[in-house]
Amino acid sequence: VSGAKKAKTDKDDNNTNGLATCRMLLAELEAHQDAWPFLTPVNHKAVPGYRKVIKKPMDFSTIREKLTNNQYLNLETFIVDVNLVFENCERFNEDDSEIGRAGHRMRSFFDKRWTELLK
Ligand SMILES: Cc1ncccc1N[C@@H](C)c1cnc2ccsc2c1
């Protein structure tokens, strides 16, 4: 029947719980030129003290895994993990270091992008 209202289903609103936004933001983080220190879990065997100092390690590949396994309820829980990457970086690395500077650049990039997307 023409004009019949189509039932709204999740697949229609492809940004259910902001997960499409999470996928877009994560792809941009992974592609960023300053992402290199954050692409894989820090190898605590190769980085003395890391396991003791950083209680909740996080990196972009782990976030990718969690997103793929549907472990993020919404954009907020995703943003908590992304911010954990940057908090760990600031805790362990000097601001005036290669990794420390990369972390600051990545954090300001991310803050700008998700606030733009949420406007
Ligand atoms: C984010 C972070 N925080 C503290 C220590 C390491 C790292 N990143 C790892 C991948 C890493 C591990 N090893 C090296 C060696 C040169 S750069 C680099 C990066």
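I take a pocket, on a 1 Å grid over the protein atoms alone, to be an open set of points where a 1.4 Å probe fits, with protein on both sides within 12 Å along at least five of seven lines. The model I consulted is predicted, with local features needing pLDDT of at least 70 and side-chain atom pairs pLDDT 80 or more, while totals for chains, interfaces and linings use all residues. Residues are numbered from 1 along each chain as its sequence is written, and side-chain values use heavy atoms, without hydrogens and water.

**Ligand.** I looked up the space taken by the ligand and found that it is the largest pocket. I noted the residues that surround the ligand (a heavy atom within 4 Å): Trp-36, Pro-37, Phe-38, Val-42, Val-47, Tyr-50, Phe-92, Asn-93 and Ile-99. I recorded that a backbone N or O atom of Pro-37 is 3.0 Å from a ligand nitrogen, and that a polar side-chain atom of Asn-93 lies 3.2 Å from a nitrogen atom of the ligand. I then read that the protein covers 65% of the 450 Å² of accessible area (Shrake-Rupley method, 1.4 Å probe) that the ligand has on its own.

**Rings.** I counted five aromatic pairs (ring centres within 6.5 Å). I entered Phe-38 and Phe-86 as edge-to-face (planes over 60 degrees apart), because their ring centres are 6.3 Å apart and their planes stand at 90°. I placed Phe-38 in the loop between α1 (19–31) and α2 (50–53), and Phe-86, 48 residues apart from it, in helix α4 (residues 75–92).

Terms used:
A polar contact is a pair of N or O atoms within 3.5 Å; within protein, one must be able to donate a hydrogen and the other to accept it, and residues adjacent in sequence count only if both atoms are side-chain atoms. On a 1 Å grid over the protein atoms alone, a cavity is a set of points where a 1.4 Å probe fits but cannot get out, and a pocket is an open set with protein on both sides within 12 Å along at least five of seven lines; lining residues have an atom within 4 Å of a point. A molecule sits in a cavity or pocket if more than half of its atoms lie within 2 Å of its grid points. Rings of Phe, Tyr and Trp (its six-membered ring) pair if their centres lie within 6.5 Å; planes under 30 degrees apart count as stacked, over 60 as edge-to-face and the rest as tilted. Helices (H or I, at least four residues) and strands (E, at least two) are DSSP runs, numbered from the N terminus.
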